Amino acid sequence: MNENKTNINWYPGHMAKTKRLISENLNLIDVVYEVIDARIPFSSKIKDIDELLKNKKRILIMTKYDLCDKDETNKWVKYYESLGYKVLCLDLEKTTNLSNLINLTNSIMEEENNKRIEKGLQKRKTRVLVVGIPNVGKSTLINRLSGKKVANVGNAPGITKNLSWIRVSNDVELMDTPGILWPKFDSEEISLNLASLTAIKEEVLPIDRVVIYILNMLDKYYNNILQDRYGIDHVDNEEIEETLEAIGRKRGCLQRGGIVDYDKVYSVVMNDIKNGIIKGITFDRVWNMNMLTLAYMGDAVYEVKIREYLISTGLCKVNDLQKEAVKYVSAKGQSDYLKKMIDENFLSSEELNVVTCARNHKNNHKPKYTDIITYKNATGLEALIGQLYFDKNNDRINEIIDFIVGR
Ligand SMILES: Nc1nc2c(ncn2[C@@H]2O[C@H](COP(=O)(O)OP(=O)(O)OP(=O)(O)O)[C@@H](O)[C@H]2O)c(=O)[nH]1
Ligand SMILES: [Mg+2]
(Lines give C-alpha, C1' and ligand atoms only; values in the text may rest on other atoms or scores of the structure.)
(Ligands and ions follow the chains in the order given, each with its own letter.)
Protein backbone atom coordinates (compact mmCIF):
# COMPACT_ATOMS: atom_id res chain seq x y z
CA MET A 1 0.00 0.00 0.00
CA ASN A 2 1.30 3.45 -0.84
CA GLU A 3 2.32 5.30 2.29
CA ASN A 4 3.24 8.57 0.56
CA LYS A 5 2.73 11.63 2.67
CA THR A 6 0.10 13.81 1.12
CA ASN A 7 1.70 17.12 1.91
CA ILE A 8 1.64 17.95 -1.75
CA ASN A 9 2.48 21.14 -3.48
CA TRP A 10 -0.21 21.53 -6.09
CA TYR A 11 -0.14 24.79 -7.89
CA PRO A 12 0.13 24.53 -11.65
CA GLY A 13 1.22 27.59 -13.61
CA HIS A 14 -2.19 28.33 -15.10
CA MET A 15 -3.62 28.97 -11.62
CA ALA A 16 -1.06 31.67 -10.89
CA LYS A 17 -1.85 33.13 -14.30
CA THR A 18 -5.60 33.03 -13.62
CA LYS A 19 -5.10 34.86 -10.34
CA ARG A 20 -2.98 37.50 -12.06
CA LEU A 21 -5.63 38.01 -14.74
CA ILE A 22 -8.38 38.24 -12.11
CA SER A 23 -6.38 40.92 -10.29
CA GLU A 24 -5.86 42.84 -13.50
CA ASN A 25 -9.57 42.69 -14.37
CA LEU A 26 -10.87 43.36 -10.89
CA ASN A 27 -11.70 47.00 -11.56
CA LEU A 28 -14.17 45.87 -14.25
CA ILE A 29 -16.07 43.69 -11.79
CA ASP A 30 -19.14 44.72 -9.78
CA VAL A 31 -19.98 41.54 -7.90
CA VAL A 32 -18.16 38.26 -7.27
CA TYR A 33 -19.85 34.86 -7.08
CA GLU A 34 -17.52 32.82 -4.91
CA VAL A 35 -18.45 29.20 -5.56
CA ILE A 36 -17.77 26.44 -3.02
CA ASP A 37 -18.84 22.79 -2.73
CA ALA A 38 -21.55 22.32 -0.07
CA ARG A 39 -19.94 19.00 0.94
CA ILE A 40 -16.67 20.69 1.87
CA PRO A 41 -17.58 24.27 2.77
CA PHE A 42 -14.23 24.86 4.46
CA SER A 43 -11.79 22.86 2.32
CA SER A 44 -13.21 24.16 -0.97
CA LYS A 45 -12.99 27.83 -0.01
CA ILE A 46 -9.94 29.44 -1.61
CA LYS A 47 -7.66 30.31 1.26
CA ASP A 48 -6.10 33.52 -0.03
CA ILE A 49 -9.30 34.74 -1.71
CA ASP A 50 -9.62 37.93 0.36
CA GLU A 51 -6.22 39.04 -0.83
CA LEU A 52 -7.29 38.41 -4.40
CA LEU A 53 -10.76 39.96 -4.30
CA LYS A 54 -9.98 42.83 -1.96
CA ASN A 55 -13.28 44.37 -0.84
CA LYS A 56 -15.40 43.42 -3.84
CA LYS A 57 -19.03 42.71 -3.00
CA ARG A 58 -19.49 39.00 -2.88
CA ILE A 59 -22.10 36.23 -2.82
CA LEU A 60 -20.98 32.89 -1.48
CA ILE A 61 -22.62 30.12 -3.49
CA MET A 62 -22.68 26.57 -2.17
CA THR A 63 -23.26 24.24 -5.10
CA LYS A 64 -24.04 20.51 -4.99
CA TYR A 65 -26.47 21.15 -2.16
CA ASP A 66 -28.36 18.06 -3.38
CA LEU A 67 -25.34 15.93 -2.45
CA CYS A 68 -24.50 17.35 0.98
CA ASP A 69 -25.54 16.57 4.54
CA LYS A 70 -27.97 19.44 4.99
CA ASP A 71 -27.76 19.50 8.80
CA GLU A 72 -24.00 19.99 8.75
CA THR A 73 -23.88 22.28 5.74
CA ASN A 74 -26.59 24.53 7.19
CA LYS A 75 -24.33 25.10 10.18
CA TRP A 76 -21.72 26.37 7.76
CA VAL A 77 -24.28 28.66 6.15
CA LYS A 78 -24.99 30.19 9.56
CA TYR A 79 -21.30 30.43 10.29
CA TYR A 80 -20.51 32.26 7.05
CA GLU A 81 -23.55 34.50 7.52
CA SER A 82 -22.28 35.37 10.98
CA LEU A 83 -19.11 36.60 9.27
CA GLY A 84 -21.18 38.91 7.07
CA TYR A 85 -21.38 36.79 3.90
CA LYS A 86 -24.49 36.60 1.76
CA VAL A 87 -24.89 32.84 1.19
CA LEU A 88 -26.97 30.86 -1.29
CA CYS A 89 -27.22 27.06 -1.48
CA LEU A 90 -27.93 25.65 -4.92
CA ASP A 91 -28.68 22.33 -6.52
CA LEU A 92 -27.56 23.10 -10.04
CA GLU A 93 -28.59 19.70 -11.35
CA LYS A 94 -32.27 20.45 -10.81
CA THR A 95 -32.63 24.19 -10.34
CA THR A 96 -33.20 26.19 -13.43
CA ASN A 97 -34.80 29.15 -11.76
CA LEU A 98 -32.09 31.29 -10.25
CA SER A 99 -34.25 34.32 -9.54
CA ASN A 100 -33.05 34.33 -5.91
CA LEU A 101 -29.48 34.82 -7.11
CA ILE A 102 -30.49 37.47 -9.61
CA ASN A 103 -32.53 39.33 -6.99
CA LEU A 104 -29.67 39.24 -4.53
CA THR A 105 -27.29 40.52 -7.18
CA ASN A 106 -29.70 43.30 -8.14
CA SER A 107 -30.07 44.35 -4.53
CA ILE A 108 -26.29 44.59 -4.22
CA MET A 109 -26.20 46.74 -7.36
CA GLU A 110 -29.13 48.93 -6.38
CA GLU A 111 -27.16 51.48 -4.40
CA GLU A 112 -24.62 51.93 -7.20
CA ASN A 113 -27.35 52.21 -9.84
CA ASN A 114 -29.36 54.70 -7.79
CA LYS A 115 -26.28 56.89 -7.58
CA ARG A 116 -25.91 56.72 -11.36
CA ILE A 117 -29.56 57.59 -11.92
CA GLU A 118 -29.22 60.57 -9.57
CA LYS A 119 -26.33 61.76 -11.72
CA GLY A 120 -28.46 61.37 -14.82
CA LEU A 121 -26.48 58.34 -16.01
CA GLN A 122 -27.97 55.08 -17.27
CA LYS A 123 -28.08 51.89 -15.20
CA ARG A 124 -24.98 49.88 -15.79
CA LYS A 125 -24.69 46.28 -16.88
CA THR A 126 -23.74 44.15 -13.92
CA ARG A 127 -20.43 42.45 -14.41
CA VAL A 128 -19.98 39.35 -12.31
CA LEU A 129 -16.82 37.35 -11.72
CA VAL A 130 -17.37 33.65 -11.02
CA VAL A 131 -14.51 32.22 -9.04
CA GLY A 132 -13.76 29.03 -7.10
CA ILE A 133 -11.66 25.89 -6.93
CA PRO A 134 -11.81 23.37 -9.81
CA ASN A 135 -14.95 21.28 -10.46
CA VAL A 136 -17.31 23.07 -8.05
CA GLY A 137 -19.81 23.99 -10.77
CA LYS A 138 -18.80 27.49 -11.88
CA SER A 139 -19.48 26.82 -15.54
CA THR A 140 -22.69 24.91 -14.74
CA LEU A 141 -23.89 27.95 -12.80
CA ILE A 142 -23.19 30.18 -15.78
CA ASN A 143 -25.10 27.85 -18.09
CA ARG A 144 -28.06 27.80 -15.74
CA LEU A 145 -28.08 31.57 -15.55
CA SER A 146 -27.98 32.01 -19.28
CA GLY A 147 -30.51 29.23 -19.89
CA LYS A 148 -28.30 27.54 -22.47
CA LYS A 149 -24.94 25.88 -22.79
CA VAL A 150 -22.53 28.73 -23.10
CA ALA A 151 -19.68 27.31 -21.00
CA ASN A 152 -18.01 23.92 -21.10
CA VAL A 153 -18.85 21.64 -18.19
CA GLY A 154 -17.42 18.29 -17.09
CA ASN A 155 -17.02 16.12 -14.05
CA ALA A 156 -13.26 16.60 -13.72
CA PRO A 157 -11.11 19.45 -12.49
CA GLY A 158 -9.64 21.78 -15.11
CA ILE A 159 -12.44 21.87 -17.71
CA THR A 160 -12.42 25.64 -18.11
CA LYS A 161 -9.04 26.76 -19.38
CA ASN A 162 -9.37 30.50 -19.99
CA LEU A 163 -11.08 33.56 -18.62
CA SER A 164 -14.03 34.57 -20.76
CA TRP A 165 -16.88 37.07 -20.64
CA ILE A 166 -20.31 35.56 -21.20
CA ARG A 167 -23.43 37.64 -21.71
CA VAL A 168 -26.31 36.00 -19.89
CA SER A 169 -28.93 38.73 -20.28
CA ASN A 170 -29.25 42.37 -21.26
CA ASP A 171 -28.32 43.37 -17.74
CA VAL A 172 -25.69 40.86 -16.74
CA GLU A 173 -22.33 39.68 -18.01
CA LEU A 174 -20.41 36.93 -16.28
CA MET A 175 -16.77 36.07 -16.36
CA ASP A 176 -16.06 32.34 -16.20
CA THR A 177 -12.66 31.43 -14.80
CA PRO A 178 -10.60 28.26 -14.54
CA GLY A 179 -10.62 26.72 -11.07
CA ILE A 180 -7.86 27.98 -8.82
CA LEU A 181 -6.25 26.62 -5.69
CA TRP A 182 -3.65 28.06 -3.38
CA PRO A 183 0.06 27.24 -3.40
CA LYS A 184 0.18 24.92 -0.41
CA PHE A 185 -2.55 23.00 1.37
CA ASP A 186 -2.71 23.80 5.08
CA SER A 187 -3.38 20.26 6.19
CA GLU A 188 -3.45 16.74 4.92
CA GLU A 189 -7.21 16.53 5.44
CA ILE A 190 -7.83 19.51 3.22
CA SER A 191 -5.93 17.90 0.36
CA LEU A 192 -7.72 14.59 0.99
CA ASN A 193 -11.11 16.33 1.10
CA LEU A 194 -10.33 18.03 -2.20
CA ALA A 195 -9.17 14.78 -3.77
CA SER A 196 -12.17 12.85 -2.40
CA LEU A 197 -14.61 15.23 -4.03
CA THR A 198 -12.57 15.45 -7.24
CA ALA A 199 -11.47 19.03 -6.97
CA ILE A 200 -7.89 18.06 -7.63
CA LYS A 201 -6.80 15.72 -10.38
CA GLU A 202 -6.87 12.03 -9.54
CA GLU A 203 -3.20 11.51 -10.28
CA VAL A 204 -2.08 14.09 -7.69
CA LEU A 205 -2.72 11.85 -4.68
CA PRO A 206 -2.40 8.08 -4.48
CA ILE A 207 -5.91 6.76 -5.06
CA ASP A 208 -5.62 4.13 -2.32
CA ARG A 209 -5.02 6.84 0.29
CA VAL A 210 -7.93 8.88 -0.97
CA VAL A 211 -10.31 5.92 -0.96
CA ILE A 212 -9.23 4.74 2.49
CA TYR A 213 -9.76 8.29 3.71
CA ILE A 214 -13.27 8.36 2.19
CA LEU A 215 -14.10 5.03 3.83
CA ASN A 216 -12.86 6.34 7.18
CA MET A 217 -14.97 9.49 6.86
CA LEU A 218 -18.03 7.39 6.04
CA ASP A 219 -17.24 5.19 9.02
CA LYS A 220 -16.95 8.21 11.29
CA TYR A 221 -19.95 10.22 10.14
CA TYR A 222 -22.14 8.16 7.78
CA ASN A 223 -21.89 4.58 8.86
CA ASN A 224 -25.24 3.70 7.25
CA ILE A 225 -23.76 4.45 3.79
CA LEU A 226 -20.91 2.06 4.54
CA GLN A 227 -23.41 -0.65 5.34
CA ASP A 228 -25.81 0.02 2.48
CA ARG A 229 -23.32 0.40 -0.34
CA TYR A 230 -20.38 -1.68 0.73
CA GLY A 231 -21.86 -4.26 3.06
CA ILE A 232 -19.46 -3.52 5.92
CA ASP A 233 -20.19 -2.04 9.31
CA HIS A 234 -16.78 -0.57 10.04
CA VAL A 235 -13.38 0.13 8.54
CA ASP A 236 -10.52 -1.78 10.07
CA ASN A 237 -7.41 0.32 9.51
CA GLU A 238 -5.14 -2.30 11.07
CA GLU A 239 -6.38 -4.89 8.57
CA ILE A 240 -7.40 -2.59 5.75
CA GLU A 241 -7.00 -5.37 3.17
CA GLU A 242 -9.88 -7.23 4.81
CA THR A 243 -12.10 -4.18 4.51
CA LEU A 244 -11.19 -3.77 0.84
CA GLU A 245 -11.72 -7.50 0.21
CA ALA A 246 -15.20 -7.31 1.74
CA ILE A 247 -16.12 -4.32 -0.41
CA GLY A 248 -14.64 -6.00 -3.48
CA ARG A 249 -16.68 -9.14 -2.96
CA LYS A 250 -19.89 -7.20 -2.28
CA ARG A 251 -19.42 -5.04 -5.37
CA GLY A 252 -18.04 -7.70 -7.72
CA CYS A 253 -14.56 -6.23 -8.11
CA LEU A 254 -13.00 -9.58 -8.94
CA GLN A 255 -10.18 -10.79 -11.13
CA ARG A 256 -10.01 -14.23 -12.65
CA GLY A 257 -10.07 -16.90 -9.97
CA GLY A 258 -12.28 -14.81 -7.72
CA ILE A 259 -9.43 -12.68 -6.37
CA VAL A 260 -10.45 -9.16 -5.34
CA ASP A 261 -9.00 -6.47 -7.60
CA TYR A 262 -8.09 -3.53 -5.34
CA ASP A 263 -7.84 -1.06 -8.23
CA LYS A 264 -11.43 -1.85 -9.14
CA VAL A 265 -12.49 -1.31 -5.52
CA TYR A 266 -10.84 2.13 -5.58
CA SER A 267 -12.63 3.05 -8.83
CA VAL A 268 -15.97 1.84 -7.49
CA VAL A 269 -15.73 4.08 -4.42
CA MET A 270 -14.43 7.09 -6.35
CA ASN A 271 -17.15 6.71 -8.98
CA ASP A 272 -19.86 6.43 -6.32
CA ILE A 273 -18.83 9.86 -5.11
CA LYS A 274 -18.10 11.33 -8.52
CA ASN A 275 -21.43 10.25 -9.96
CA GLY A 276 -23.35 11.55 -6.97
CA ILE A 277 -24.52 8.08 -5.95
CA ILE A 278 -23.26 8.71 -2.43
CA LYS A 279 -25.38 11.59 -1.19
CA GLY A 280 -25.91 13.33 2.11
CA ILE A 281 -22.26 13.77 2.99
CA THR A 282 -20.42 16.80 4.35
CA PHE A 283 -16.80 16.22 5.25
CA ASP A 284 -16.00 19.56 6.93
CA ARG A 285 -17.38 20.17 10.41
CA VAL A 286 -18.12 23.53 11.88
CA TRP A 287 -17.65 24.03 15.58
CA ASN A 288 -20.78 25.21 17.24
CA MET A 289 -19.77 26.89 20.38
CA ASN A 290 -19.22 30.59 20.50
CA MET A 291 -15.59 31.11 19.60
CA LEU A 292 -14.92 33.68 22.27
CA THR A 293 -16.32 31.39 24.94
CA LEU A 294 -13.98 28.69 23.70
CA ALA A 295 -11.06 31.12 23.76
CA TYR A 296 -11.98 32.25 27.27
CA MET A 297 -11.79 28.69 28.54
CA GLY A 298 -8.78 27.83 26.38
CA ASP A 299 -6.83 30.81 27.72
CA ALA A 300 -7.13 29.48 31.27
CA VAL A 301 -6.33 25.87 30.35
CA TYR A 302 -3.31 26.92 28.30
CA GLU A 303 -1.97 29.05 31.15
CA VAL A 304 -2.26 26.14 33.61
CA LYS A 305 -0.53 23.75 31.20
CA ILE A 306 2.34 26.16 30.59
CA ARG A 307 2.76 26.76 34.36
CA GLU A 308 2.79 23.00 34.96
CA TYR A 309 5.48 22.63 32.33
CA LEU A 310 7.64 25.48 33.69
CA ILE A 311 7.51 24.12 37.21
CA SER A 312 8.42 20.67 35.88
CA THR A 313 11.62 22.14 34.41
CA GLY A 314 12.86 22.89 37.93
CA LEU A 315 12.21 26.62 38.01
CA CYS A 316 10.79 27.62 41.38
CA LYS A 317 11.23 31.35 41.90
CA VAL A 318 8.01 33.08 40.96
CA ASN A 319 9.91 35.88 39.28
CA ASP A 320 11.77 33.43 37.04
CA LEU A 321 8.60 31.51 36.31
CA GLN A 322 6.79 34.65 35.29
CA LYS A 323 9.64 35.82 33.08
CA GLU A 324 9.84 32.49 31.32
CA ALA A 325 6.06 32.22 30.93
CA VAL A 326 5.89 35.41 28.81
CA LYS A 327 7.55 33.56 25.93
CA TYR A 328 4.58 31.19 25.79
CA VAL A 329 1.55 33.09 27.03
CA SER A 330 2.06 36.53 25.46
CA ALA A 331 -0.10 37.23 22.41
CA LYS A 332 3.04 37.34 20.30
CA GLY A 333 4.27 34.00 21.66
CA GLN A 334 0.91 32.32 21.09
CA SER A 335 0.64 33.77 17.61
CA ASP A 336 4.15 32.60 16.65
CA TYR A 337 3.56 29.07 17.95
CA LEU A 338 0.26 28.86 16.13
CA LYS A 339 1.94 29.90 12.88
CA LYS A 340 4.64 27.28 13.45
CA MET A 341 2.01 24.57 13.98
CA ILE A 342 0.23 25.56 10.77
CA ASP A 343 3.47 25.78 8.77
CA GLU A 344 4.51 22.33 9.92
CA ASN A 345 1.06 20.81 9.17
CA PHE A 346 0.70 19.88 12.80
CA LEU A 347 -3.02 20.70 12.93
CA SER A 348 -5.83 18.62 11.44
CA SER A 349 -8.41 20.30 9.24
CA GLU A 350 -10.97 20.17 12.06
CA GLU A 351 -8.50 21.94 14.31
CA LEU A 352 -7.75 24.45 11.59
CA ASN A 353 -11.49 25.07 11.30
CA VAL A 354 -11.63 26.13 14.92
CA VAL A 355 -8.61 28.36 14.55
CA THR A 356 -10.00 29.98 11.40
CA CYS A 357 -13.46 30.45 12.92
CA ALA A 358 -11.94 32.08 15.98
CA ARG A 359 -9.62 34.29 13.96
CA ASN A 360 -12.49 35.46 11.76
CA HIS A 361 -14.86 36.03 14.61
CA LYS A 362 -16.26 39.55 14.60
CA ASN A 363 -15.02 41.32 17.67
CA ASN A 364 -14.92 45.00 18.42
CA HIS A 365 -12.28 44.57 21.08
CA LYS A 366 -9.18 46.67 20.40
CA PRO A 367 -6.11 44.99 21.89
CA LYS A 368 -3.95 47.36 23.96
CA TYR A 369 -0.57 45.72 23.81
CA THR A 370 -0.45 44.08 20.43
CA ASP A 371 -1.61 44.40 16.83
CA ILE A 372 -4.93 42.98 15.71
CA ILE A 373 -3.51 40.09 13.64
CA THR A 374 -1.34 38.84 16.50
CA TYR A 375 -4.31 39.15 18.81
CA LYS A 376 -6.55 37.17 16.46
CA ASN A 377 -3.94 34.43 16.09
CA ALA A 378 -3.58 34.19 19.84
CA THR A 379 -7.37 33.90 20.14
CA GLY A 380 -7.27 31.15 17.50
CA LEU A 381 -4.87 29.11 19.62
CA GLU A 382 -6.93 29.68 22.75
CA ALA A 383 -10.17 28.66 21.02
CA LEU A 384 -8.50 25.48 19.83
CA ILE A 385 -7.34 24.60 23.34
CA GLY A 386 -10.83 25.47 24.63
CA GLN A 387 -12.49 23.19 22.08
CA LEU A 388 -10.14 20.32 22.96
CA TYR A 389 -10.85 20.93 26.63
CA PHE A 390 -14.62 20.67 26.08
CA ASP A 391 -14.04 17.57 23.94
CA LYS A 392 -12.17 16.15 26.96
CA ASN A 393 -9.23 15.53 24.63
CA ASN A 394 -6.47 16.09 27.15
CA ASP A 395 -4.02 13.95 25.16
CA ARG A 396 -4.20 16.28 22.21
CA ILE A 397 -3.81 19.35 24.43
CA ASN A 398 -0.66 17.74 25.82
CA GLU A 399 0.63 17.06 22.32
CA ILE A 400 0.12 20.72 21.45
CA ILE A 401 1.88 21.85 24.62
CA ASP A 402 4.74 19.43 23.86
CA PHE A 403 5.00 20.89 20.36
CA ILE A 404 5.07 24.44 21.72
CA VAL A 405 7.68 23.84 24.43
CA GLY A 406 9.66 21.58 22.11
CA ARG A 407 9.45 18.52 24.35
N1 LIG B 1 -25.25 17.00 -8.29
C2 LIG B 1 -24.78 18.19 -8.66
N3 LIG B 1 -23.81 18.26 -9.60
C4 LIG B 1 -23.35 19.48 -9.95
C5 LIG B 1 -23.84 20.67 -9.37
N6 LIG B 1 -23.16 21.70 -9.90
C7 LIG B 1 -22.29 21.19 -10.80
N8 LIG B 1 -22.39 19.85 -10.85
C9 LIG B 1 -21.56 18.92 -11.64
O10 LIG B 1 -20.20 19.13 -11.25
C11 LIG B 1 -19.31 18.93 -12.36
C12 LIG B 1 -18.39 20.12 -12.52
O13 LIG B 1 -19.09 21.23 -13.04
P14 LIG B 1 -18.38 22.43 -13.84
O15 LIG B 1 -19.44 23.47 -14.05
O16 LIG B 1 -17.63 21.95 -15.04
O17 LIG B 1 -17.33 22.92 -12.76
P18 LIG B 1 -16.28 24.12 -12.83
O19 LIG B 1 -16.24 24.75 -11.49
O20 LIG B 1 -16.59 25.01 -13.98
O21 LIG B 1 -14.93 23.31 -13.06
P22 LIG B 1 -13.51 23.76 -13.75
O23 LIG B 1 -13.83 24.47 -15.03
O24 LIG B 1 -12.83 22.46 -13.94
O25 LIG B 1 -12.82 24.62 -12.76
C26 LIG B 1 -20.22 18.67 -13.56
O27 LIG B 1 -20.29 17.27 -13.75
C28 LIG B 1 -21.58 19.22 -13.13
O29 LIG B 1 -22.65 18.56 -13.76
C30 LIG B 1 -24.88 20.56 -8.37
O31 LIG B 1 -25.37 21.53 -7.77
N32 LIG B 1 -25.29 19.29 -8.06
MG1 LIG C 1 -15.49 25.51 -15.62
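K54 counts as exposed in this predicted model, because just 9 other C-beta atoms lie within 10 Å and the cut-off for exposed is 12 or fewer. The residue sits in the loop between helix 2 (49-53) and strand 2 (57-63). Its backbone is worth a look too: phi of K54 is positive, about 50°, although K54 is not a glycine.

N345 makes a handy companion case. Here phi is near 55°, again a positive value in a residue other than glycine. N345 also belongs to a loop, the one between helix 13 (331-343) and helix 14. The surroundings of N345 hold 19 C-beta neighbours inside 10 Å, so N345 is classed as partly exposed; being buried would take 20 or more.

On the scale of the whole chain, the protein splits into domain 1 (8-184), domain 2 (206-274) and domain 3 (286-405). The centres of domain 1 and domain 3, taken over C-alpha atoms, are 35 Å apart. There is still some touching between them: six residues of domain 1 are in contact with seven residues of domain 3. On the domain 1 side, that patch consists of four nonpolar residues, one polar and one charged.

Next comes the interior. The largest nonpolar core takes in 97 residues, and V130 and I214 are the ones with the most contacts inside it. Helix 7 (residues 207-221) gives the most to this core, supplying eight residues. Leaving aside residues up to four places away in sequence, V130 touches Y33, V35, K138, L141, I142, L174, M175, D176 and T177.

Then there is the ligand. Ligand 1 is surrounded by 26 residues, and the closest are G137, S139, N155, T160 and G179. Sorted by class, this shell comes out as nine nonpolar, twelve polar and five charged residues. The element giving the most to the shell is helix 5 (residues 138-146), with three residues. K138, at the start of helix 5, is also on the contact list of V130.

Helix 11 (residues 291-312) offers a nice check on helix geometry. With 22 residues, helix 11 reaches 31 Å from its first C-alpha to its last, close to the 32 Å expected at 1.5 Å a residue. Its buried residues are M291, L294, A295, G298, Y302, K305, I306 and L310. That spacing is easy to read with the usual rule in mind: an α-helix has 3.6 residues a turn, so residues three or four places apart point the same way. The partners of the buried residues of helix 11 are helix 12 (318-329), helix 14 (349-360), helix 15 (372-390) and helix 16 (394-405). After helix 11 comes G314, with a positive phi near 105°.

One of those partners, helix 15, carries A378. A378 is buried because 27 C-beta neighbours fall inside 10 Å, against a threshold of 20 or more. Setting aside residues up to four places away in sequence, A378 touches A331, Q334 and S335. Y302, one of the buried residues of helix 11, lies 76 residues from A378 along the chain, yet the two C-alpha atoms are separated by 11 Å.

Two further positions fill in the picture away from the buried parts. R116 is part of helix 4 (residues 99-118), and its 14 C-beta neighbours inside 10 Å are why R116 counts as partly exposed. Beyond residues up to four places away in sequence, R116 touches L121, Q122, K123 and R124. Across to K201, 85 residues apart from R116 along the chain, the C-alpha separation is 45 Å.

E238 is the other position, in the loop between helix 8 (223-230) and helix 9 (240-251). Only 6 other C-beta atoms lie within 10 Å of E238, so E238 is exposed. The C-alpha atoms of E238 and E118 are 70 Å apart in space, and the two residues are 120 residues apart in sequence.

Terms used:
Residues numbered from 1 in each chain as written. Chains lettered and ligands numbered in written order. Predicted model: local features only at pLDDT ≥ 70, side-chain atom pairs only at ≥ 80, totals over all residues. Core = buried A, V, L, I, M, F, W, Y, C linked by C-beta atoms within 7 Å. Helix = DSSP H or I, 4+ residues; strand = E, 2+ residues; numbered from the N terminus. Contact = placed C-beta atoms within 7 Å. Near = placed C-beta within 6 Å. Nonpolar A, V, L, I, M, F, W, Y, C, P; charged D, E, K, R; others polar. Domains from an automatic or database assignment. Expected span 1.5 Å × (residues − 1).
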